[in-house]
Structure formats: C-alpha cells, structure tokens
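This briefing introduces a protein structure to a reader who has not met it before. The sequence and the model are shown first, and the notes that follow are grouped by topic.

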Amino acid sequence: PLLDDRGKRMWELLICDRTGSFQWSRYCANTQATTPWVAEQLQSAIDEAPVRPTQIRAFRDRVKTILERSCERVGVPLKMSRRVFTLQGWLRQRSREVYPNEADYTYAPEELAIAIDMERTPPLPLADALQPDRWAIVTLRVSDFKDAAEWETEYRELFPVDWSQFDDDTVIPGLLLFSTRSRPLAAWMAGADPVFLKAFGGTQAGLVLESGMSDRRIVARFSDDKTRSEGRGFEDRKLDARGLHFMGIQTDPRSQSFAGLWLLRDVD
C-alpha cells in the first residue's frame with residue numbers, strides 16, 4: 001500500500017519462519033523486483049536466520065517464475081502454497097502498525113490487498129487408495145488444543161495462535177478421517193499441504209479440502225439430512241473460532257494417537 005516519490009507502487013519481500021520468531025523484510029521499486037535482487041535478499045535472510053530452511057513456501061503466483069529462479073540460486077526448493085498463516089498474520093499486523101507510519105513513502109490504503117489467488121476448479125475425489133473407511137465431524141475446545149504439540153502424532157503441522165484471544169471453552173471444529181491405511185493417507189496429506197476445509201450443500205454436498213495453491217479434493221460426502229446439518233454446524237463453528245479448525249487422521253475411533261494432525265484456517 002506504499003507509493004514512492006514518483007507515485008509508483010512499492011514492492012516488498014517478506015520472509016519469516018513458521019513461528020514468526022524470525023522476520024526479515026525489504027522494500028524495492030517495481031523495477032528492482034528481479035531474480036538477481038530477490039536471490040540476493042534470500043541469501044542475506046538465510047545467512048541471518050538461526051536455522052537454514054529446507055523449503056520455502058510462497059503464495060504470490062504472479063511472481064512464481066522469479067521466486068523459482070531465486071530459490072534455485074540459493075539452493076532451497078520452493079513450494080507454492082496457501083498454507084502461509086504466519087505470513088498472513090504478519091501482513092495484517094504491518095498493514096495496521098507499519099505501513100501507515102512510513103515517512104518516506106505515500107500510504108495508499110485503498111490499494112491494500114492481501115489476496116491469495118484461488119482458481120475455482122471443480123473438486124476431485126480422493127484416489128481410491130486414499131479413501132478413508134469412515135469419517136466424523138468432531139469438536140475440541142481451545143483448552144484441549146493448547147497441548148496439541150505434545151500429542152502423539154507421526155505427521156503434524158500446527159502454527160502459532162494467540163490463544164489468549166479466545167475463551168478456553170471456545171469450540172474448534174474438526175474432521176477426523178479413519179483408515180486402516182492411515183499412515184500412507186497421512187503421508188500423502190502432508191505432501192498436499194492442507195489449507196482449509198469447506199462444507200458445501202446441494203447435489204454434491206460434502207467437505208472439500210483446499211490444499212497447495214489451488215488443489216481441491218472431496219474428503220467426505222454428506223449423504224443424508226443429518227450429515228448436511230453437521231456440515232452447516234461445522235461452518236458456523238468455524239466462524240465462531242475465527243476460521244480455525246483442524247483435521248486428524250487415525251486408524252480407528254478408538255486410537256489414542258494420530259497418524260496425521262493439521263491445524264487449519266479458512267483463508268477464503
């Protein structure tokens with residue numbers, strides 16, 4: 001949302017780790033936003049970071065080519081994905097507290113957009129080998145989920161949440177998938193990069209998993225009024241929890257551990 005002295009839109013490169021404890025930012029003119037400049041900045045950030053990254057996620061599809069070439073130069077693979085929740089939160093914080101106070105540039109808030117490109121292709125079913133045996137829409141309370149990092153889980157990806165913004169009794173909705181092939185399903189899901197679940201009605205009623213940059217998969221179907229009602233309740237609870245929800249994979253409902261667990265947030 002910043003303009004330079006010529007009235008041209010500024011560009012910004014923001015880099016953070018998954019927890020937000022490492023943050024690195026640089027402005028540049030639009031003419032500077034080239035592969036050599038981005039690669040140089042990436043290398044500087046990597047040199048300053050406490051841990052060298054094994055992968056870099058990015059969500060701006062329009063600069064994918066520049067990012068791919070820059071990541072190749074620094075030797076870190078790139079993954080285009082909407083699962084950038086910590087970065088989104090940082091962008092929102094900067095829009096409130098940083099950009100309006102930048103004395104060297106003109107603040108133009110009407111141009112601020114933290115958009116994530118989402119191609120609305122029809123959702124595809126999971127492959128037969130990945131279909132769960134059963135599924136269930138469930139709920140946990142914030143007080144339960146605070147300890148999720150300590151749960152026994154093979155594949156897991158959480159992200160920092162300021163739980164102080166929620167009452168301990170706030171309900172977080174979730175989906176559990178049960179499968180005798182839970183580990184292969186969890187491994188596939190980890191590679192798919194889950195972002196959020198969305199319940200849909202109509203003739204194709206069910207839960208659709210949005211993942212990666214634009215992938216959409218049907219992970220559960222609503223076959224009767226009861227499951228359709230559960231789907232509506234799932235969406236209502238997501239709103240109450242500010243978009244937070246989760247997905248877990250277990251062998252069966254009696255399991256005391258997870259093959260996979262992901263904290264999700266609706267970014268739609």
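A residue counts as buried when its relative accessible area is under 20%, as exposed when that area is over 50%, and as partly exposed in between. The model described here is predicted. The protein has six helices and 15 strands, and buried residues make up 46% of its 268 residues.

**Overall form**

- The radius of gyration is 20 Å, which agrees with the value near 18 Å that a compact globule of 268 residues would have.
- Taken along the principal axes, the box filled by the C-alpha atoms is roughly 60 × 35 × 35 Å.
- Of the contacts between residues at least 6 apart in sequence, 65% join residues at least 24 apart.
- About 14,400 Å² of the protein is exposed, and carbon and sulfur atoms supply 45% of this area.

**Cysteines**

- A disulfide is a covalent bond between the sulfur atoms of two cysteines.
- The structure holds zero disulfides.
- Cys16 takes part in no disulfide, and the nearest cysteine sulfur, that of Cys71, lies 14 Å away.
- Seen from Cys71, the closest cysteine sulfur is that of Cys16, and because the distance is 14 Å, the two are too far apart for a bond.
- Cys71 has a relative accessibility of 3% and therefore counts as buried.
- Cys16, with a relative accessible area of 24%, is partly exposed.

**Salt bridges**

- Side chains of opposite charge can pair when their charged atoms come close.
- The structure contains 15 salt bridges.
- One of them joins the side chains of Asp4 and Arg6, with 2.9 Å from N to O.
- The two partners differ in cover: Asp4 is buried, with a relative accessible area of 10%, whereas Arg6 is exposed, with 53%.
- Another salt bridge is formed by Glu210 and Arg82, whose closest N and O atoms are 3.0 Å apart.
- This pair links distant parts of the chain, 128 residues apart: Glu210 belongs to strand S12 (residues 206–211), and Arg82 to the loop between strand S5 (78–80) and helix H3 (85–97).
- Glu210 and Arg82 are both buried.
- Lys238 and Asp266 also form a salt bridge, with 2.9 Å between their closest N and O atoms.
- Here too the pair links distant parts of the chain, since Lys238 lies in helix H6 (residues 225–240) and Asp266 in the segment after strand S15 (258–265), 28 residues apart.
- Lys238 is buried at 3% relative accessibility, and Asp266 is buried at 19%.
- Salt bridges with shared partners join Arg18, Arg57, Arg83, Glu157 and Asp193 into one network.

**Surroundings of Asp193**

- Asp193, a member of that network, is located in the loop between helix H5 (182–192) and strand S11 (194–200).
- Its relative accessible area is 2%, so Asp193 is buried.
- Neighbours within four places in sequence left aside, the residues in contact with Asp193 are Arg57, Lys79, Ser81, Arg83, Glu157, Ser211 and Gly212.
- Among these contacts, Arg57, Arg83 and Glu157 also belong to the salt-bridge network.

**Strand S14 and its partners**

- In a regular strand the side chains alternate between the two faces of the sheet.
- Strand S14 covers residues 244–250, and seven of its seven residues are buried.
- Leu244, Phe246, Gly248 and Gln250 point one way from S14, while His245, Met247 and Ile249 point the other way; all of them are buried.
- Strand S10 (residues 171–178) pairs with S14 in the parallel sense, over five bridges.
- Within that parallel pairing, Leu177 stands opposite Ile249 of S14.
- S14 and S15 run antiparallel and are joined by six bridges.
- Leu261 in S15 is the bridge partner of Gly248.
- S14 therefore has a parallel pairing with S10 and an antiparallel one with S15, where strands pair if at least two bridges are found between them.

Methods
Residues are numbered from 1 along each chain as its sequence is written. This is a predicted model: local features need pLDDT of at least 70, side-chain atom pairs count only at pLDDT 80 or more; totals for chains, interfaces and linings use all residues. Side-chain values use heavy atoms; hydrogens and water are left out. A salt bridge is a side-chain nitrogen of Lys or Arg within 4 Å of a carboxyl oxygen of Asp or Glu. Buried means under 20% relative accessible area, exposed over 50%, partly exposed in between (1.4 Å probe, protein chains only). Helices (H or I, at least four residues) and strands (E, at least two) are DSSP runs, numbered from the N terminus. A disulfide is a pair of cysteine sulfur atoms within 2.5 Å. The radius of gyration is taken over C-alpha atoms; the globule rule is 2.2 Å times the number of residues to the power 0.38. Contact means heavy atoms within 4.5 Å. Accessible areas come from the Shrake-Rupley method with a 1.4 Å probe; for residues, only the protein chains shown count as cover.
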